[in-house]
Amino acid sequence: PNAEEGKHPPASEATDAALPSEDMSDILNSPAFLQRKVDVLKSDISAIQSEIDEANTLYLAAKEEWGPKFDKINDESRLMQERFAREGSQEARVANIDVVSKMVNLIDTYDRAFQSIDASTDEEIEIVNAYKATYDLILNSFQELNVTKVETVGAEFDYENHQAIMSMPRDEFEEGMVCQEMAPGWRCGEDLIRPAMVVVAA
């Protein structure tokens, strides 16, 4: 065999062979071929649109059949959540009132103790100060729970918020006005925890 037959063609010749011929390029860029590509794409788009339309038709049919049922389920779920929220809020409110009622009684005990104690020694003063610190902590917790005192002296007597212990003539107050507070009343938000015990001007 001839030695020249085993040799590879030059690189330039291999590259030229890999490239499409001018005739092939002309075919790929011809208006007829490009139009064919456009037609194929339009056909694909049309097929996809048909699938979309079919899916929408099935969706609308299912919605017509199941939509009211799902709406009813959603409404029932929403009403249930609202009821749970109201019940939870009500339970929290009742729990707050119960706790505040106990704390109000504790405040009364502190007030009576402070009125009866006359601290004279350093040790007694230290004990009283420790109780006052606890007393202040309770009052601070009242603020966090939205607990406020019922307005008394100088306010018009209110059957909902005041409990009259007695009435007496007082020149500095008009008749029917609260002239003295015997025991404070307390509210927790809109709820009355305890009416204030008062003296009413006659």
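Student: Why does Cys188 count as buried?

Tutor: In this predicted model, Cys188 has a relative accessibility of 9%. Buried means under 20%, so Cys188 counts as buried.

Student: Which residues is Cys188 in contact with, leaving aside its neighbours within four places in sequence?

Tutor: Cys188 is in contact with Asn96, Val100, Leu145, Asn146, Val147 and Ile193. Contact here requires heavy atoms within 4.5 Å.

Student: Why does Cys179 count as buried?

Tutor: The relative accessibility of Cys179 is 5%. The cut-off for buried is under 20%, and Cys179 therefore counts as buried.

Student: How many disulfides does the rule give?

Tutor: The count comes to zero disulfides. The criterion is a pair of cysteine sulfur atoms within 2.5 Å.

Student: What makes Pro169 exposed?

Tutor: Pro169 has a relative accessible area of 66%. Exposed means over 50%, so Pro169 is exposed. Pro169 sits in the loop between strand E2 (162-168) and strand E3 (178-183).

Student: How far apart are Pro169 and Cys179 in sequence and in space?

Tutor: Pro169 and Cys179 are separated by 10 residues in sequence, and their C-alpha atoms are 9.4 Å apart in space.

Student: Why is Asn146 called partly exposed?

Tutor: Asn146 has a relative accessible area of 47%. Buried is under 20% and exposed is over 50%, with partly exposed in between; Asn146 is therefore partly exposed. Asn146 lies in the loop between H4 and E1. Although Asn146 is not a glycine, it has a positive phi of about 60°.

Student: Which residues make up the largest nonpolar core?

Tutor: The largest nonpolar core has 12 residues, among them Val100, Tyr110, Tyr135, Phe142, Trp186 and Cys188. Members of such a core must be buried and joined through side-chain atoms within 4.5 Å. Helix H3 (31-116), helix H4 (122-144) and E4 each supply at least two residues of this core. The largest share, five residues, comes from H3. A second, separate core has six residues, including Val150, Phe157, Val178 and Ala196.

Student: Why is the pair of Tyr110 and Tyr135 called edge-to-face?

Tutor: The ring centres of Tyr110 and Tyr135 are 6.0 Å apart, and their planes meet at 65°. A pair requires centres within 6.5 Å, and planes over 60 degrees apart count as edge-to-face. The pair is therefore edge-to-face. Tyr110 lies in helix H3 and Tyr135 in helix H4, so the pair ties together parts that are 25 residues apart in sequence. Both Tyr110 and Tyr135 are buried.

Student: What makes the pair of Phe142 and Trp186 edge-to-face?

Tutor: The rings of Phe142 and Trp186 have centres 5.1 Å apart and planes at 70°. The centres satisfy the limit of within 6.5 Å, and the planes satisfy that of over 60 degrees. The pair is therefore edge-to-face. Phe142 in helix H4 and Trp186 in strand E4 are 44 residues apart, and their pair links distant parts of the chain. Both Phe142 and Trp186 are buried.

Student: How many aromatic pairs does the rule count, and which residues do ring pairs link into a cluster?

Tutor: The count comes to six aromatic pairs. Ring pairs link Tyr110, Phe114, Tyr131 and Tyr135 into a cluster.

Student: What makes strand E1 and strand E5 edge strands?

Tutor: Strand E1 (147-149) and strand E5 (191-194) each pair on one side only. They belong to an open sheet of three strands, in the order E1-E4-E5, with antiparallel pairing. The twist of this sheet averages 30° from one strand to the next.

Student: How do you know that E4 and E5 pair?

Tutor: Three bridges join strand E4 (residues 186-188) to E5. Pairing requires at least two bridges, so the condition is met. The two strands run antiparallel, and the bridge partner of Trp186 in E5 is Arg194.

Student: How do you know that E3 and strand E6 pair?

Tutor: E3 and strand E6 (residues 196-201) are joined over four bridges in the antiparallel sense. With at least two bridges required, the condition is again met. Glu181 stands opposite Val198 in E6.

Student: In what order do the strands of that open sheet lie, and what is the pairing?

Tutor: The order is E2-E6-E3, and the pairing is mixed. E2 and E3 are the edge strands, each pairing on one side only.

Definitions and conventions: Residues numbered from 1 in each chain as written. Predicted model: local features only at pLDDT ≥ 70, side-chain atom pairs only at ≥ 80, totals over all residues. Heavy atoms only, no water. Axes fitted to C-alpha atoms, helices over the stretch in contact; angles between N-to-C directions. Buried < 20%, exposed > 50% of the residue type's maximum accessible area, 1.4 Å probe, protein only. Phe/Tyr/Trp six-rings, centres within 6.5 Å; stacked < 30°, edge-to-face > 60°.
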